[in-house]
Amino acid sequence: LYNPVHTSMHELSDFGIGIGLYFSMLRGIAIIMLIAAFIHVPNILYYSSTDYSSVGQSAVKTLLKGSAICTDNEWVPCPTCERVDGSSSQIDFTDITTLDASAFTELWKKELWTTSRVIESDDGLLFGLKNTCGEGDADYLYARGIVSLVGTVFIVIALLALGEYQRKLSVEFDERNATATDFSIEIKNPPKDAVDADEWRAYLEKVAATYLKKNGTDALGGDGAPVTPRDTHVTCLTVALNNQKLTDTLIARRKVKKGLMDVLETVDDNALNSLIAKASQSIDSAGLEKAAKSKMAKLLKLDGKIKELQEKTYDAKRIFVSFETEIGQRAVLTAFSVSRMAISKN
């Protein structure tokens with residue numbers, strides 16, 4: 001269904017915007033790192049050559065070759081050095097510059113590739129291990145630094161550009177994959193007494209119409225298309241009240257009613273409602289067995305609680321709105337947009 005080679009990023013977004021953006025980011029970072037590697041090729045070639053280290057990097061691990069690890073060392077007297085670990089170290093102070101490559105490699109692996117940079121001779125004089133890589137090359141630090149700087153600047157700029165590209169791509173993916181959220185808004189802080197759905201519908205349609213009449217659809221991704229009645233139409237609207245106790249009680253009543261139907265072994269809802277009405281007058285006159293009578297008592301108790309809760313007035317807690325088009329949703333969201341500073345001063 002999806003070719004592993006020829007599938008585009010837009011097709012991967014069919015699995016969700018996040019999936020498409022994830023693979024797009026992976027591709028972008030891979031390309032950036034590849035170009036950065038090419039930028040650093042001069043440094044890699046220099047560090048692995050004998051211009052940097054006279055004996056090369058034959059003793060360096062394969063994955064570290066071409067790095068700035070220095071294998072060109074010499075021991076020099078260090079009267080101001082102090083031993084840290086307190087242990088004694090003895091080494092054959094053969095002039096390593098006279099050794100061939102293989103002999104140097106063995107010496108370097110055994111004695112120079114250590115954590116100790118200071119040793120003590122028989123007469124008590126401390127010697128320090130000095131790196132001599134790049135000595136005599138006047139442009140060594142400058143040229144290597146310029147290459148590294150160019151590579152770093154490129155990575156920073158490329159990552160910023162990738163972020164901007166990802167932002168634009170997310171808009172394209174969102175346009176390609178329409179979901180309910182693209183047409184809907186949620187109002188989290190409505191006035192407590194604003195519980196009339198028809199009033200909300202008329203108000204939001206007026207807000208959308210006013211914004212579109214003033215600004216058109218250009219700023220909302222409408223490509224200059226004329227405004228139509230569909231762009232301001234509210235398809236459905238729900239006013240959520242803070243009546244959780246009432247809804248919980250209704251759910252509990254449904255469960256008890258289902259249990260009562262199981263005990264009575266009936267699925268006739270009308271017959272059961274008639275029995276409930278009769279039991280509400282006198283539960284004993286309903287002629288129920290003990291198990292059914294217990295559930296009927298619970299049901300009647302919940303009915304009384306429901307009637308009590310229905311008498312109360314509930315405040316609006318959330319407003320859920322779905323528009324017929326994305327233009328209507330965006331128009332209302334844009335019209336309701338307020339700066340954080342304005343919110344803090346409100």
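**View 1. Three strands form an open, antiparallel sheet in this predicted model.** The strand order is E4-E6-E5. Helices (H or I, at least four residues) and strands (E, at least two) are DSSP runs, numbered from the N terminus. Two strands pair if DSSP finds at least two bridges between them. Strand E4 (184–187) and strand E5 (234–241) stand at the edges with a single partner strand each, so one side of each has no neighbour in the sheet. Neighbouring strands are turned by 15 degrees against each other on average, direction ignored. Axes here are lines fitted to C-alpha atoms, for helices over the stretch in contact, and angles run from 0 to 180 degrees between N-to-C directions. Residues are numbered from 1 along each chain as its sequence is written. Local features need pLDDT of at least 70, side-chain atom pairs count only at pLDDT 80 or more, and totals for chains, interfaces and linings use all residues, while side-chain values use heavy atoms and leave out hydrogens and water.

**View 2. E5 meets strand E6 (residues 316–323) through 7 bridges.** The two strands run antiparallel. Leucine 237 stands opposite valine 321 in E6. Helix H6 (residues 197–215) packs on the sheet and touches E4, E5 and E6. The direction of H6 makes about 130 degrees with that of E5. Helix H10 (residues 326–336) lies across E4 and E6, at about 30 degrees to E4. Contact means heavy atoms within 4.5 Å.

**View 3. The largest nonpolar core has 19 residues.** Such a core is a set of buried Ala, Val, Leu, Ile, Met, Phe, Trp, Tyr and Cys residues joined through side-chain atoms within 4.5 Å. Buried means under 20% relative accessible area, exposed over 50%, and partly exposed in between (1.4 Å probe, protein chains only). Trp200, Leu204, Leu237, Ile319, Val321, Phe323 and Val332 have the most contacts inside this core. E4, H6, E5, E6 and H10 each give two or more residues to the core. H6 gives the most, with 6 residues. Leaving aside neighbours within four places in sequence, valine 321 is in contact with Phe183, Ser184, Ile185, Leu204, Val234, Cys236 and Leu237. Another core, of 13 residues, lies apart from the largest one. Among its residues are Leu260, Leu272, Leu275 and Ile276.

**View 4. Helix H7 (residues 244–264) has the span expected for its 21 residues.** The expected span is 1.5 Å times one less than the number of residues. That gives 30 Å, and the end C-alpha atoms are 30 Å apart, which agrees. The buried residues of H7 are Leu246, Thr249, Arg253, Val256, Lys257, Gly259, Leu260 and Met261. They pack against helix H8 (269–281) and helix H9 (290–310). Glutamate 265 follows H7, and its phi is positive, near 55 degrees.

**View 5. Aspartate 303 is found in helix H9.** Aspartate 303 counts as buried because its relative accessibility is 16%. Not counting residues up to four places away in sequence, aspartate 303 touches Arg253 and Ile276.

**View 6. Residues 86–94 have pLDDT under 50.** pLDDT is the predictor's confidence in each residue, from 0 to 100. For this stretch, the model has 16 contacts beyond four places in sequence. The protein chain averages a pLDDT of 82, and 86% of the residues score at least 70. Its secondary structure comes to 11 helices and 6 strands. Of its 346 residues, 32% count as buried.
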